[in-house]
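Welcome to my notebook. I jotted these entries while looking things up, and you are invited to follow along.

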Amino acid sequence: MNTQINPNDLSAVVEADRAHLWHHLIQHKPFETTDPRIIVEGKGMRVWDQKGKEHLDAVSGAVWTVNVGYGRERIANAVRDQLLQMNYFANSAGSIPGARFAEMLIGKMPGMSRVYYTNSGSEANEKAFKMIRQIAHKRYGGRKNKILYRERDYHGSTIAAMSAGGQLERNAQYGPFAPGFVEVPHCLEYRAQWDVENYGERAADAIEEVILREGPDTVGGLCLEPVTAGGGVITPPEGYWQRVQEICDKYEILLHIDEVVCGVGRTGTWFGYQHYGVRPDFVTMAKGVASGYAAIACMVTTEKVFDMFKANPDDPLDYFRDISTFGGCTAGPAAAIENMKIIEEEDLLQNTLDMGARLMANLHALKDKHAVVGDVRGKGLFCGAELVADRATREPAHEKKVQAVVADCMAQGVIIGATNRSVPGFNNTLCFSPALIATADDIDQITDAVDAALTRVFAA
Ligand SMILES: Cc1ncc(COP(=O)(O)O)c(C=O)c1O
């Protein structure tokens, strides 16, 4: 086999990929007759594939990750310098970038005080689940161990994270799952489950109903996405979060906010929960922490929680006995420091708010023009357009048509996303999460492509 890569002819790479790579979340049969896509290069908002074709990336690396855009030399330099100085030591000891980034991060999160490093969003969430379970043992005789999660939310790919997964299609065939995880209803008003004025409060009250059914003394934690991402880009209705906070306070339930998607700027604030005035006990984050320049995830908690794990130093089981081998990699925090500085120096939170408003206005214009757009939702540069076959009945558009819109945009050189294998029958929301550096022209190019695609796919 030819192991030399010729930059002008990547056919050997394509063949190696076809022969040996197992891509995530994709059916591989078509690769027997078509080439897998190889992304060769990225700069700013744009990426180039093996054929040299340029794409405007409206989904930041397909899964909402590359918040500061591609090709950031200063991040690469910081990682390189750090690796040469000290690449790894387990987190039983500290590191210079680990301590510095923790301090910077906590500076953006009033009320929080401790950072635990790990490698993926799934793992970060499991750290919080483990802490909630251990607190149940330490304080409540093991009883207050149930963890509530919400229908349509997603918290990761491991079996425990999927046990807290509210997407039936994503979970199908992977059970049995871990016990002690209990679902609460989603809060998407467009798919209303109650006919009331104050929908947000009503949807939160449904959480209280589950707590009362299960027994408040058995429920230790509530895990929620600030804006549900892969389950349909669901922004919480007015009044929802305030009520959620009241319920958590009332029943002494630890509030865990999964910021794996929304964290570090995506919605125009450092964290999604900061739009809603809630006081989380745990915040987890991953994708945007270092924009994919290194694998890093964080589980952040309060001093109050931290104190619970050092109360009795004579008890050998008293502390958090978790291990994260690669939580000790220094490339992650070194990249995260530069990533955060870039967001500050380039005023990207403001740009996210401004460009998010433009993206939302453009999507509303598409809704006015195309009957197939039933609802548009979003916060900052995380937006969705739910497609329907019939506006009156809100019957979801068939996912083949939704995928045809994505494919049409791809052919135009614009990469967008769509909810995929999440909620049965509801893989019908187009997703947009361009890098926080997007310009007005980029936003218009994205929605112009969608406009043309909707015209072609739904006229056919
Ligand atoms: C809200 C949310 N939580 C957790 C995860 C899991 O993160 P990872 O894939 O890094 O394990 C994801 C991944 O898409 C996510 O969207």
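How are H13 and H14 oriented to each other? I looked this up first, and they are oblique to each other, a word used for angles outside three classes: under 35 degrees (roughly parallel), over 145 (roughly antiparallel) and 65 to 115 (roughly perpendicular).

**Ground rules.** I noted that this is a predicted model, in which local features need pLDDT of at least 70 and side-chain atom pairs count only at pLDDT 80 or more, while totals for chains, interfaces and linings use all residues. Residues are numbered from 1 along each chain as its sequence is written. Helices (H or I, at least four residues) and strands (E, at least two) are DSSP runs, numbered from the N terminus.

**Entry: H13 and H14.** I found helix H13 at residues 399-411 and helix H14 at residues 440-459, packing at an angle of about 130° with their axes 9 Å apart. Axes are lines fitted to C-alpha atoms, for helices over the stretch in contact, and angles run from 0 to 180 degrees between N-to-C directions. The crossing of H13 past H14 is right-handed, so the near helix is turned clockwise from the far one by less than a right angle; anticlockwise would be left-handed. On the H13 side I listed Lys401, Ala404, Val405, Asp408 and Cys409, and on the H14 side the contact includes Ala449, Leu454 and Phe458. Contact means that C-beta atoms, placed from the backbone, lie within 7 Å. By class I read 9 nonpolar, no polar and 3 charged residues. Here Ala, Val, Leu, Ile, Met, Phe, Trp, Tyr, Cys and Pro count as nonpolar, Asp, Glu, Lys and Arg as charged, and the others, Gly among them, as polar.

**Entry: Val372.** I then turned to Val372, in the loop between H12 and E11. Val372 touches Leu454 and Phe458, among other residues more than four places away in sequence. With 23 C-beta neighbours inside 10 Å, Val372 is buried; the cut-offs are 20 or more for buried, 12 or fewer for exposed, and partly exposed in between.

**Entry: H3 and H11.** Next I checked helix H3 (73-85) and helix H11 (331-345), which pack at about 150° with axes 9 Å apart. That makes H3 and H11 roughly antiparallel to each other. H3 also passes H11 in a right-handed crossing. Among the contact residues I saw Ile75 and Val79 of H3, and Ala334 and Ile337 of H11. This contact has 8 nonpolar, 2 polar and 2 charged residues.

**Entry: two domains.** The domain assignment, automatic or from a database, gives domain 1 as 37-66 + 348-459 and domain 2 as 74-345. Their centres, taken over C-alpha atoms, are 27 Å apart. I noted 30 residues of domain 1 in contact with 28 of domain 2. On the domain 1 side, H12 gives the largest share, 5 residues. That side divides into 14 nonpolar, 11 polar and 5 charged residues.

**Entry: backbone oddities.** Which residues are joined by a cis peptide bond? I found Gly175 and Pro176, with omega of about 0°. Pro176 sits in the loop between helix H7 (168-171) and strand E6 (181-184).

Ser60, in helix H2, has a positive phi near 50° without being a glycine. Ser60 is buried, with 29 other C-beta atoms within 10 Å. Val264 is not a glycine either, and its phi is positive at about 60°. I placed Val264 in the loop between strand E8 (254-258) and strand E9 (282-285). Val264 is buried, with 26 other C-beta atoms within 10 Å.

Conventions:
Contact = placed C-beta atoms within 7 Å.
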